[in-house]
Amino acid sequence: MKKKLVFILLFILMGLQLSSTTNKKHNRLTTIDLYGNSYEIGFKHGNYLKAPITEIITGWKKEVENFYNENFELVIDSFFAKTNYVQCIEKVCPWLLEEVKGIADGAGLSYKTILAFQMSEELEFSGKRLLHAKCTSICKFKDSESGTLLAQNMDPPLFLHGYPTLLIIRTNDLSINAIYTVPGLIGLCGLNNDFGITCNGISMLNGQSYGIPVAFLVRFLLQQKNEEKSYKILETVKHATPQCYTIAGKNNFICFECSANKISKCIPFRNRNKSFIIHTNHSLINKDYSQDYKALLTRYGKTTEDILYYPRYEKALDIIKENNNVIDIELIKQILKNRDNPNNPISNDFTYGSLIMEFRDTTRLHISPGQPHIFQYTTIELK
């Protein structure tokens, strides 16, 4: 029992467009229908959500100052000076910087602050903190009985909570991006008509001061025409922060564990022509471990070769096995709502939203704007 508690402790430590915008609020979820050029999309976002953006940014500034024990402006000035993230974005997806400018102008806040907010995960990681990590993702590839299902409980820090938001972005080619996010942030995860993306931080791996930050990469990937193009991008860009991206759609699915020095494809479970994969913030195959993580293991008398216990991962896998590896929407909801382990519940205090993306003839998003054991799922069709 003592050994198991040590393993659990280790796991915890790891851890809009031209003129009109349609805005709706249902089941606690705010949806904003956006179309236009990048700046116009951002401006509508910032203007409509001005009050919650201001509140969240105020809380975030306090978090940054408390963590670094330094004035906020000095912290972000140093962050931009020591990293090349902005230069990388300018080379790969500069139009997203225009969207960030639009958010800042619409909300009446400084561009530098809103730009740094997009990289809050990178800013936290650069502070040598083993990030809070509680997200759970599941993917079940299509079979003869149902389409592909891609799901995630998104569990960011608590100062980001309070205003679950879905951006419905309509592009010039009539495709749709549905982006789940925090007011003021260009995106956490989401989907388009053909495929979706979930993200799980893997702070045990190496990051770097050069590369594309997570939020920008998610949005860039979702602007691609199909999964295959997004896979090629993931395998060729430099990654700022260690992250697991599971990309799945009507034709294929791959789970990538990306770090500064390595990109690994996770091998899915296969049984009776059924394929699925689970991810809960620990590395399944990528061994590009950081020195901080190795030092943490050493303090507990462990090495990177030891098999550790990850409660949420094991619980999700047990539920699937108990159902004979037959995965459908209701079983995924059961998993994402699970709270059997009081110390490591899958639906926990950090769960900001729960998404199940369904890809078949019609693409659907089933979304709970908070802890799914409390808030019901709403279904949205992408037409």
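# A walk through a predicted chain

Six of the eight residues of helix α7 (residues 111–118) are buried, so α7 is largely enclosed by the rest of the structure. The buried residues of α7 are T113, I114, L115, A116, F117 and Q118. Keep in mind as you explore that this is a predicted model.

With that helix as a starting point, let us step back and look at the whole chain. There are 13 helices and 16 strands in the chain. Of its 383 residues, 58% are buried. The chain also exposes a surface of about 16,000 Å², and carbon and sulfur atoms supply 49% of that surface.

Next, find strand β10 (residues 253–258). How many of its six residues are buried? Six of the six are, so β10 is mostly covered. A general idea helps here: in a regular strand the side chains alternate between the two faces of the sheet. In β10, F253, C255 and E257 point one way, while I254, F256 and C258 point the other way, and all of these residues are buried.

Now look at the neighbours of β10. Strand β9 (residues 243–249) runs antiparallel to β10, and six bridges join the two strands. A hairpin of three residues links β9 to β10. If you want a place to begin tracing this pairing, Q243 stands opposite C258 in β10.

β10 also pairs with strand β11 (residues 263–266). These two strands are again antiparallel, and four bridges join them. Here the hairpin between the strands passes through four residues. Two pairs of partners can guide your eye: E257 has S264 of β11 as its bridge partner, and C255 stands opposite C266 of β11. Which residues make up the covered face of β11, and which the uncovered one? S264 and C266 form the covered face, whereas I263 and K265 form the uncovered face.

Let us move on to the end of the strand numbering, with β15 and β16. Strand β15 spans residues 363–368, and strand β16 spans residues 378–382. β15 and β16 run antiparallel, with five bridges between them. One of the pairings to look for is T363 with L382, its bridge partner in β16. The alternation of side chains shows up clearly along β16: T378, I380 and L382 point to one face and are buried, while T379 and E381 point to the other face and are not buried.

Within β15, pause at H366. Is H366 buried or exposed? Its relative accessibility is 7%, and the cut-off for buried is under 20%, so H366 counts as buried. Its side chain takes part in polar contacts. One joins the side chain of H366 to the side chain of E358 at 2.9 Å. Another, also listed at 2.9 Å, joins the side chains of H366 and T379. Leaving aside residues up to four places away in sequence, H366 touches I329, S354, L355, I356, E358, Y377, T378 and T379.

Helices can meet one another as well. Helix α6 (residues 95–107) and helix α9 (residues 214–222) have axes that come within 10 Å and cross at roughly 115 degrees. The crossing of α6 and α9 is right-handed. On the α6 side, W95, L96, L97, E99 and V100 make the contact, and on the α9 side, F216, R219 and F220 do.

Two more stops complete the tour. T83 is found in the loop between α4 (72–82) and α5 (85–92). T83 has a relative accessible area of 7%, so this loop residue is buried. The side chain of T83 reaches the backbone oxygen of F79 at 2.8 Å.

The other stop is Y35, which lies in strand β2 (residues 29–35). Y35 counts as partly exposed because its relative accessibility is 26%. What separates Y35 from R170, in sequence and in space? In sequence they are 135 residues apart, but in space their C-alpha atoms are 5.1 Å apart.

Key
Residues are numbered from 1 along each chain as its sequence is written. This is a predicted model: local features need pLDDT of at least 70, side-chain atom pairs count only at pLDDT 80 or more; totals for chains, interfaces and linings use all residues. Side-chain values use heavy atoms; hydrogens and water are left out. Buried means under 20% relative accessible area, exposed over 50%, partly exposed in between (1.4 Å probe, protein chains only). A polar contact is a pair of N or O atoms within 3.5 Å; within protein, one must be able to donate a hydrogen and the other to accept it, and residues adjacent in sequence count only if both atoms are side-chain atoms. Contact means heavy atoms within 4.5 Å. Accessible areas come from the Shrake-Rupley method with a 1.4 Å probe; for residues, only the protein chains shown count as cover. Two strands pair if DSSP finds at least two bridges between them. Axes are lines fitted to C-alpha atoms, for helices over the stretch in contact, and angles run from 0 to 180 degrees between N-to-C directions. A crossing is left-handed if the near helix is turned anticlockwise from the far one by less than a right angle, and right-handed if clockwise.
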